[in-house]
Amino acid sequence: MIAITIMLAPTVKIFFEKRSEISALENEIAAKKAEQENLKKQVSRWQDPSYVKQQARDRINMVMPGETGYWVFGGGIPSGTTESSTGTGASGSPANLPWVDALWESIRRSATD
């Protein structure tokens, strides 16, 4: 009985390891199928000319012939507000901000000052 147990122990261990590996792969396959369905939906949306036009308008600011495009700058923050109320960070100095936020803060200040 002990000899049979010793002989079967590695086989049972391998069986359970392979079952868990199969389960993990089945979960991965299900995730990939869901991603594939999402990508198919995106492709079908891009087949629609009106969706393509809307994306061109939103992403690269294209306008149709005969239309006039307008850009509004500085409309988000009223002039006369202080830096502490605009959310520039704890210190309020551009040197302590990430470079993108420091650049935006510099552009905002040049437009309002």
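1. A starting point for the accessibility labels below: a residue is called buried under 20% relative accessible area, exposed over 50%, and partly exposed in between. Arginine 57, with a relative accessible area of 31%, is therefore partly exposed. Please keep in mind throughout that this is a predicted model.

2. Let's take the N-terminal helix next. Helix α1 covers residues 2–46, which makes 45 residues. From its first C-alpha to its last it reaches 66 Å, close to the 66 Å expected at 1.5 Å a residue. There is a bend of about 30° at leucine 8, and proline 10 follows within four residues.

3. Salt bridges come next, and the count is five. In helix α1, the side chains of lysine 18 and glutamate 21 meet in one, at 3.6 Å from N to O. The two residues are three apart in α1, so about one helical turn separates them. In general, an α-helix has 3.6 residues a turn, so residues three or four places apart point the same way. Both partners are partly exposed: glutamate 21 has a relative accessible area of 42%, and lysine 18 has 45%.

4. Back to arginine 57, which has a salt-bridge partner of its own. Its side chain meets that of glutamate 67, at 3.0 Å from N to O. This pair links distant parts of the chain, with arginine 57 in helix α2 (residues 49–60) and glutamate 67 in the loop between α2 and α3 (99–112), ten residues apart. Like arginine 57, which is partly exposed, glutamate 67 counts as partly exposed, at 39% relative accessibility.

5. Helix α3 has a salt bridge to look at as well. Arginine 109 pairs with glutamate 105, and their closest N and O atoms are 3.8 Å apart. Both residues lie in α3, four residues apart, about one turn of the helix. Are the two partners buried or partly exposed? Glutamate 105 counts as buried, at 5% relative accessibility, whereas arginine 109 is partly exposed, with a relative accessible area of 27%. It is worth looking at Arg108 here too, since Glu105, Arg108 and Arg109 are linked in a network of salt bridges.

6. Now for the aromatic rings, where the count comes to two pairs. One is formed by phenylalanine 15 and phenylalanine 16, with ring centres 5.5 Å apart and planes at 70°. Planes over 60 degrees apart count as edge-to-face, so that is the label for this pair. Phenylalanine 15 counts as partly exposed, at 49% relative accessibility, while phenylalanine 16 is exposed, with a relative accessible area of 55%.

7. Tryptophan 46 and tyrosine 51 form another aromatic pair. Their ring centres lie 5.1 Å apart with the planes at 80°, so this pair is edge-to-face. Tryptophan 46 counts as partly exposed, at 37% relative accessibility, and tyrosine 51 is also partly exposed, at 21%.

8. One last residue to look at is glutamine 55, which lies in helix α2. What is glutamine 55 in contact with, leaving aside its neighbours within four places in sequence? The answer is Trp46 and Ile60. Glutamine 55 has a relative accessible area of 14% and is buried, whereas its contact tryptophan 46 counts as partly exposed.

Definitions and conventions. Residues are numbered from 1 along each chain as its sequence is written. Side-chain values use heavy atoms; hydrogens and water are left out. The expected span of a helix is 1.5 Å times one less than its number of residues. The bend at a residue is the angle between axes fitted to the seven residues ending there and the seven starting there. A salt bridge is a side-chain nitrogen of Lys or Arg within 4 Å of a carboxyl oxygen of Asp or Glu. Buried means under 20% relative accessible area, exposed over 50%, partly exposed in between (1.4 Å probe, protein chains only). Rings of Phe, Tyr and Trp (its six-membered ring) pair if their centres lie within 6.5 Å; planes under 30 degrees apart count as stacked, over 60 as edge-to-face and the rest as tilted. Contact means heavy atoms within 4.5 Å.
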